[in-house]
Amino acid sequence: MALTIEPGSIDHLSQVIGHVVAPAFLLGAVASFISVLTTRMSGVVDRIRSINDVPDEGHPKSRLKADLPRLRRRAALLHRAIFLAINSGIVAAILIIAAFAFALAGRSHAWTAAILFIFSLGLLCASLVVFALEVKIGLDEHDHY
């Protein structure tokens, strides 16, 4: 496929910048989502630590120890969601780098960009699904104490 704009020109650079706007927004969204996930993870870990500090028996809050397996499951789900979201961001960044590299080489980047964008969105979608699972088990009667 022949490029309609001369590679290396200002117009070509402008075109490439236009092509990486969506991946750049995706990268920003992923970064914000990771912030939400890590904040949530911090809350779960703090809750686990505070429950672990409660004596096993004889304390009014000892019954909260029964909630530890659920909290550990939440932490594991959040960990997986963070991992998937980070990988989505990495793929989005690679997409942006590849678009500029292909432009410098004077080659079309359409197929590469499409595949990387689909892959990045797939990882983000997987992260959202795992996050939905965590949200589903997130609120329990023990959380009110």
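In which sense, left-handed or right-handed, does α2 pass α4? The model considered here is predicted, and the answer is best reached by way of helix α4 itself.

Helix α4 covers residues 110-138. With 29 residues at 1.5 Å a residue, α4 should span 42 Å, and its end C-alpha atoms lie 41 Å apart, so the expected and modelled spans agree. Several residues of α4 are buried, among them A113, L116, L123, V130 and F131. Polar and charged side chains also appear in this buried set, including S120, S127 and E134. The buried residues of α4 pack against two other helices, α2 (21-52) and α3 (68-104).

The packing of helices can be put in simple geometric terms. Two packed helices are described by the angle between their axes and the distance between the axes. For α2 and α4, the axes come within 12 Å and cross at roughly 25 degrees. Because angles under 35 degrees count as roughly parallel, α2 is roughly parallel to α4. The opening question can now be answered: α2 passes α4 in a left-handed crossing. On the α2 side, the contact is made by A22, P23, L26, V30, F33, L37, R40 and V44. On the α4 side, the contributing residues are F117, S120, L121, L124, S127, L128, F131, E134, V135 and G138. Sorted by class, this contact of α2 with α4 comprises 13 nonpolar, 3 polar and 2 charged residues.

The pairing of α2 with α3 may be described in the corresponding way. These two helices pack at an angle of about 160 degrees, with their axes 9 Å apart. An angle over 145 degrees counts as roughly antiparallel, and α2 and α3 are therefore roughly antiparallel to each other. The crossing of α2 and α3 is left-handed. The contact of α2 with α3 has 24 nonpolar, 5 polar and 4 charged residues.

A single residue of α4 brings these relationships together. S127 is found in helix α4, and S127 counts as buried because its relative accessibility is 0%. Which residues does S127 touch, leaving aside those up to four places away in sequence? The contacts of S127 are F33, L37, A81, L84 and A85. F33 and L37 belong to the α2 side of the contact between α2 and α4, whereas A81, L84 and A85 fall within the residue range of α3 (68-104). S127 and I82 are 45 residues apart in sequence, yet their C-alpha atoms are 7.0 Å apart in space.

Conventions. Residues are numbered from 1 along each chain as its sequence is written. This is a predicted model: local features need pLDDT of at least 70, side-chain atom pairs count only at pLDDT 80 or more; totals for chains, interfaces and linings use all residues. Side-chain values use heavy atoms; hydrogens and water are left out. Helices (H or I, at least four residues) and strands (E, at least two) are DSSP runs, numbered from the N terminus. The expected span of a helix is 1.5 Å times one less than its number of residues. Buried means under 20% relative accessible area, exposed over 50%, partly exposed in between (1.4 Å probe, protein chains only). Contact means heavy atoms within 4.5 Å. Axes are lines fitted to C-alpha atoms, for helices over the stretch in contact, and angles run from 0 to 180 degrees between N-to-C directions. Angles under 35 degrees count as roughly parallel, over 145 as roughly antiparallel, 65 to 115 as roughly perpendicular and the rest as oblique. A crossing is left-handed if the near helix is turned anticlockwise from the far one by less than a right angle, and right-handed if clockwise.
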